[in-house]
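Student: Could you pick one part of this model and take me through it closely? I'd like to start there and then follow the thread outward into the rest of the chain.

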Amino acid sequence: MGKPMALNVLKKGFPLVVYNRTASKTEDLARAGARVARTPREATEAADVVVTMVSNIEAVEAVLTGIDGILRGLKNGKVFIDMSTITPDSSRRFAAMVEETGAKMLDAPVSGSTGVAEKGELTVMVGGDPRVLNEVRVVLQAMGKFIFHIGDNGSAVSMKLVINHFVAGMTALLAEGLSLSESLGIDPSVFSNVLNSSAVKSPMYDMKTPKMVSRDFSAQFPLKLIVKDLDYITLTAEKAGARMPVHDAVKEQYSAAAREGLGEKDFSVLYEFLTKK
Ligand SMILES: NC(=O)c1ccc[n+]([C@@H]2O[C@H](COP(=O)([O-])OP(=O)(O)OC[C@H]3O[C@@H](n4cnc5c(N)ncnc54)[C@H](OP(=O)(O)O)[C@@H]3O)[C@@H](O)[C@H]2O)c1
């Protein structure tokens, strides 16, 4: 996700310094005009706006608090935007660390997979001071089509977890519904056409149904990351006192697929998992 998002920042004409733990993955960005930094601190020192897009809480912690991490390069006047999907508690904890440097933090997770990121059409949810959002809005607009201010720090990752509750649940229903329709002798292309003209039509079903039917599970959003998000939903819902029985059943299915070694495939591989059992 970080690479197409960074390419769009470059395309809008912003000077860009990039860092990735595995340096070879920055080669395309260097060819497109980005300067490659050796550490997160070096990238931060060169920038007014610092954006992270990494796997999980541990990854944000590593690039932020490491010995040559982002915190070492932040100071008053700089803005740190974490666009990763993490939990609201961890995001607020990171915001407090950032505030101590004099800089400001926004959480700005996104909805939309790699294809949407390439087109610069992500939906960006933003948590934090709305005045800080206004300062950096042009940078977010390079990556996203819709920018929503949700509330205080941590509120945007809360919203993102709610969205991914739908993403995981709807895709689990699609996998089960396709499998059921095949068991009932319905042609998959008929299933696809009717579903996507019915009351439950959705852009996600438009995108995922043909891939399930053709069994193309090349990763756009790897299953291991939806399992991570489902764990974060459990933690966050338990703390908020929300009962989530459907989530619990959905999570068990994806977790079982991950245990079968399907974590690197697209999360729609749940269909393969259900039909090969
Ligand atoms: N893929 C999607 O469709 C999608 C959509 C919306 C949101 N998201 C969210 O976006 C975030 C990134 O997802 P992605 O699909 O881009 O994942 P990805 O392709 O697996 O990339 C993960 C990135 O995190 C870095 N990273 C992981 N652990 C690290 C650590 N300990 N220290 C430093 N860097 C570390 C990786 O560095 P290396 O290259 O060195 O491994 C890589 O740059 C996740 O929070 C995900 O939930 C993804």
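Tutor: Let's settle the word first: a residue is buried if its relative accessible area is under 20%. Keep in mind that this is a predicted model. The part I'd pick is helix H1, which covers residues 2-11. Its buried residues are Pro4, Met5, Ala6, Asn8, Val9 and Leu10. An α-helix has 3.6 residues a turn, so residues three or four places apart point the same way. With that in mind, look at Pro4 and Asn8, or Met5 and Val9, all of which are on the buried list. What do the buried residues of H1 pack against? They pack against three helices and two strands: H2 (27-31), H6 (114-118) and H7 (130-143), plus S6 (110-111) and S7 (122-127). Just after H1, Gly13 takes a positive phi of about 95°.

Now for the charged side chains, where the count comes to 20 salt bridges. Arg93 pairs with Glu61, with the closest N and O atoms 3.0 Å apart. That pair links distant parts of the chain, since Arg93 is in helix H5 (residues 88-100) and Glu61 in helix H4 (residues 57-65), 32 residues apart. Arg93, at 38% relative accessible area, is partly exposed, and so is Glu61, at 27%. Arg131 and Asp129 also meet in a salt bridge, at 2.7 Å from N to O. Here Arg131 is exposed at 61%, while Asp129 is partly exposed at 24%.

Lys208 and Asp266 form another salt bridge, at 2.9 Å. Lys208 is in helix H10 (residues 203-213) and Asp266 in the loop between helix H12 (245-259) and helix H13 (270-276), so the pair ties together parts 58 residues apart in sequence. Is this pair buried or exposed? Lys208 has a relative accessible area of 2%, so it counts as buried, and Asp266 is buried at 2% too. As for shared partners, salt bridges join Lys3, Asp28 and Arg31 into one network. That brings us back to our starting helix, since residues 2-11 make up H1 and residues 27-31 make up H2, one of its packing partners.

H5 turns up again in the strand story. Strands S4 (residues 79-82) and S5 (residues 104-107) run parallel and are joined by four bridges. Asp82 stands opposite Asp107 in S5. Between these strands the chain passes through H5, and this β-α-β crossover is right-handed.

Next, have a look at Thr39, in the loop between strand S2 (35-36) and helix H3 (40-45). Its side chain reaches the backbone nitrogen of Glu42 at 3.0 Å. Setting aside neighbours within four places in sequence, Thr39 is in contact with Tyr19 and Asp68.

Last stop, the ligand. Which of the 21 residues around the ligand come nearest? Those are Asn20, Thr22, Lys25, Ser113 and Lys228. In the case of Thr22, a side-chain N or O atom is 2.5 Å from an oxygen atom of the ligand. The backbone joins in as well: an N or O atom of Val54 lies 3.0 Å from a ligand oxygen, and one of Gln220 lies 3.1 Å from a ligand nitrogen.

Key
Residues numbered from 1 in each chain as written. Predicted model: local features only at pLDDT ≥ 70, side-chain atom pairs only at ≥ 80, totals over all residues. Heavy atoms only, no water. Salt bridge = Lys/Arg side-chain N within 4 Å of Asp/Glu carboxyl O. Buried < 20%, exposed > 50% of the residue type's maximum accessible area, 1.4 Å probe, protein only. Pairing = 2+ DSSP bridges. Right-handed = clockwise from strand over helix to strand, strands pointing away. Polar contact = N/O pair within 3.5 Å; in protein donor to acceptor, adjacent residues only side chain to side chain. Contact = heavy atoms within 4.5 Å. Near = heavy atom within 4 Å.
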